[in-house]
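Colleague: I should like to understand the terms used to describe this structure. Please set each one against its definition as we proceed.

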Amino acid sequence: MRKDKRIFAVCLAAVLSVSVLTGTTHLQAAAAVSKNPESGLRSGVQSYPSSSPLTSYNEDVAHLAYVTDVEDQAQTSYCWAYMADAVMESYLLRTGRTEQNDFSESDMIYQMGNGGSYGFLDLTRGGNYHQAVAYWTRGSQCGPRREADGTLTDYYVSETTDLGTYQKEDVQAKQDYIRDIKNLVTQYGAVGVSVWFNSFDRLQTTINGAYYYPQASSPGVNHGVTIVGWNDFFPAAWFRNTLTTPGQPSGPGAFLVKNSWGRNDTCSINGNTGYYWISYENYFQDAFAVSQVTSRSGLYDHVYETDYRGLSEYMQGSSYSRTYRLDGGTERLSGFATYVKAGASYRFFVNGKELTQFSGTMARSGYRTFRLADPLPVNGTVLQLQVEVTGNDRAVPVSSTADSQIPDSSNVCLKAFTVNTSTGIPGISPSSPYGTVTGVTVSPQDCQLRPGMSQKFQAWVTGTGQPSQQISWQLSGNSSSNTKLEQGVLYIGNDETSGELYVYAISAADRSKSARAKITLEKEQQPAASQYTVTFVSEGKICKSQVVYHGASATAPVLEREGYTLQWDRDYSNITGNTVVNAVWTPQNPAQTDPPGEDDPQEPDDPGEPELPEDGMVKTVDKGRYIFWKDGTAWYTKCTAKNRIMVIVPAKVRISGLDYAVTMMEENCIRGNKKVLNVTVGKNVTEIGDHAFAGCKNLTRITIKSKNLESVGEGAFRNIPDHAVVVVPRGCLSAYREMIRLSGNAKVRVKTAG
């Protein structure tokens, strides 16, 4: 008889195996470095396009470039601080700093924890790189301090590049993510990234430093590491994971990462380096790089801010502002900073006046400092900054509260920097003995280009008298670092993906006067991608199913077994749609007459014509026990694997060739499981049964993917850890939180995904 309350979950596999990993010796030569005279710290570093033939980079742990020593976070949850400092240190090496910088993680942790002003109360449970960015960019009390003597350095991280997340199901998005990480590594030295990686089970997921945890099985991310290199041909056979199925990647390729578990980590490469190879087929999230550092003392005399804890999340909205009252005296605005999103267009206003030189489409997401070459006098004692955004309806960067999981909805991330008039940064006056600037003209104003092409722009300054004709150029909207604007000449990178670019010609004498040119990028028409499946059937049994992509060379598989070869009756290369091909096992030796045996692993377990299970049939699939119903639904009733630490209930489960939507998690289905750490509830679940998770003493994360959850049974979340987190879909937070509270748990934290 069907129950009134439902729940859904799937188990992840757990096994162990060992392999031998040999070291690699190739080191790709580093790109050229040139210093930027404006900041003295930022460099114009050569980058590599997405189509680069560079298949390996910085892969020899004995001869690594642009990295500092491996640190040991010990038994703490502060991997985010060690990862962030490693990224910062690598950036400074990559961009021309000769000395080794060793920054203090303990100071960052203290300042951002409850020991410092405006700290967080819950960082003992973990954090992310946003806490580090807040530390690097907060006023004068924080910033990188040297490990040796605690000295506060003059470094100010004025720009970061954030890659955010991608959908696991989107194969192309994953490939783009890997490509973008590589480009950031070669350009800026290292990339911080979050992965799923537990220290206590690394013996089962790692062999001689090669770590693999399949993306589909990953319950999320829980550890920060630093990517310093890669090898596209790192063999899949050198990975072993005995906790999951599959236990090896389907293809080659891995990132080389610096970890923070010390050099004497016996599971790392060679057992004593602290470095790991992580397969491309792992799940990566929140990749970021430090992409510009400037001098704090050269940027401001005063900083006005209320976002001391940094970014919490982006919220709904297309405009935001902040009003500050100046400290006193006459000050000049030297810059401002906020968080931006790639692809969105921005307009910035100071006391109602637009700063046109900074307006445009952002090529990358991250923290941005917009610096005025000629500081702008502020009339009066009130300074209002306003930002308007188009192209993204969730563009308001909201600061965090002391609880890192809760945003401060009344406080946006927007800083203002000023200098005293007496010590103002020198610039060219808009009104000079040679004349006054009234405008700028640029030509051409509109043009169409393709990747690989270039265009020269010209600009003229207009005004009274003889205004200076000096022009500074700015490019906005590009997605590729290979798209560049140099002295008015625009070069479009072959890997440029943006549809529109904007070139700004700005008067050096009066930076409030500028002109804009719009460039529309023409794309080559690509044939629509399609794929189909060819299924080979012999004597009513499936022998082989193969996915073929339209336009790809169609090579028929060679199937041989026990002296037999599979032959078919159609021209395989001419198949253009989902097709069933009749095939026959023919003996290689004419004297042989018996076909391959029933235990042939190339033949399926189920017959070609599936039988519908009886209504209410109970069957175990992949260590999960289900009840199947003729209406096409199934209930998850129990995980039969005793040592599973992660339980995932799929959206659908297959039996006898038919898919059943898993709509219910039965009462007590995971109750009292002392091993399970993470549970994922599938998207078709509508009800969670009584006491479903009750008494799971180590369960710290439950991810609910269903947007159609109707009820949660009594005591479903009772007696799980108080610090456990329930992650729910956007738009469901209020309703789901209420159901969980009514079920009898008032302490577990409920938050939205992303």
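**Strand pairing**

Modeller: Opposite Leu333 stands Thr418 in S22. This is a predicted model, in which local features need pLDDT of at least 70 and side-chain atom pairs count only at pLDDT 80 or more, while totals for chains, interfaces and linings use all residues. Residues are numbered from 1 along each chain as its sequence is written, and side-chain values use heavy atoms, with hydrogens and water left out.

Colleague: What makes strand S14 and strand S22 a pair?

Modeller: Strands (DSSP runs of E, at least two residues, numbered from the N terminus) pair if DSSP finds at least two bridges between them. S14 (residues 331-340) and S22 (residues 414-420) have seven bridges, in the antiparallel sense, and therefore meet the definition of a pair. Another bridge partner in S22 is Lys415, which belongs to Ala337.

Colleague: Which other strands pair with S14 or with S22?

Modeller: S14 also pairs with strand S18 (residues 366-377), antiparallel and over eight bridges; there the bridge partner of Leu333 is Leu376. Strand S11 (residues 302-304) pairs with S22 in the antiparallel sense over three bridges, and Val303 stands opposite Phe417.

Colleague: Why is S14 called largely enclosed by the rest of the structure?

Modeller: Ten of its ten residues are buried, so S14 is described in that way. Buried means under 20% relative accessible area, exposed over 50%, and partly exposed in between (1.4 Å probe, protein chains only). S22 is mostly covered, with six of its seven residues buried.

**A buried serine**

Colleague: Why does Ser218 count as buried?

Modeller: Its relative accessibility is 5%, so Ser218 counts as buried. Ser218 lies in the loop between strand S6 (210-211) and strand S7 (223-231). Leaving aside neighbours within four places in sequence, Ser218 is in contact (heavy atoms within 4.5 Å) with Lys168, Trp196, Tyr213 and Tyr283.

**One helix, two sides**

Colleague: Which residues of helix H7 are buried, and how do you know that they are on the same side?

Modeller: In H7 (residues 733-742), a helix (a DSSP run of H or I, at least four residues), the buried residues include Tyr736, Met739 and Ile740. They cover an arc of only 100° around the axis, which puts them on the same side of H7; the arc is that of the directions from the helix axis to the C-beta atoms. An α-helix has 3.6 residues a turn, so residues three or four places apart point the same way. On the other side of H7, Ser734 and Leu742 are exposed. The buried residues of H7 pack against strands S46 (701-704), S47 (711-712), S48 (725-728) and S49 (749-752).

**The largest cavity**

Colleague: What makes a space a cavity, and how many are found?

Modeller: On a 1 Å grid over the protein atoms alone, a cavity is a set of points where a 1.4 Å probe fits but cannot get out. Four cavities of 30 Å³ or more are found in the whole structure, and the largest has a volume of about 100 Å³. Of the 15 residues that line the largest cavity, those closest to its centre are Tyr82, Ala86, Lys258, Asn259 and Ser260; a lining residue has an atom within 4 Å of a point. Helix H1 (79-94) and S7 each give two or more residues to this lining, and the largest share, five residues, comes from H1.

Note on methods: On a 1 Å grid over the protein atoms alone, a cavity is a set of points where a 1.4 Å probe fits but cannot get out, and a pocket is an open set with protein on both sides within 12 Å along at least five of seven lines; lining residues have an atom within 4 Å of a point. Grid points are joined across faces, edges and corners, and a volume is the space filled by probe spheres set on the points.
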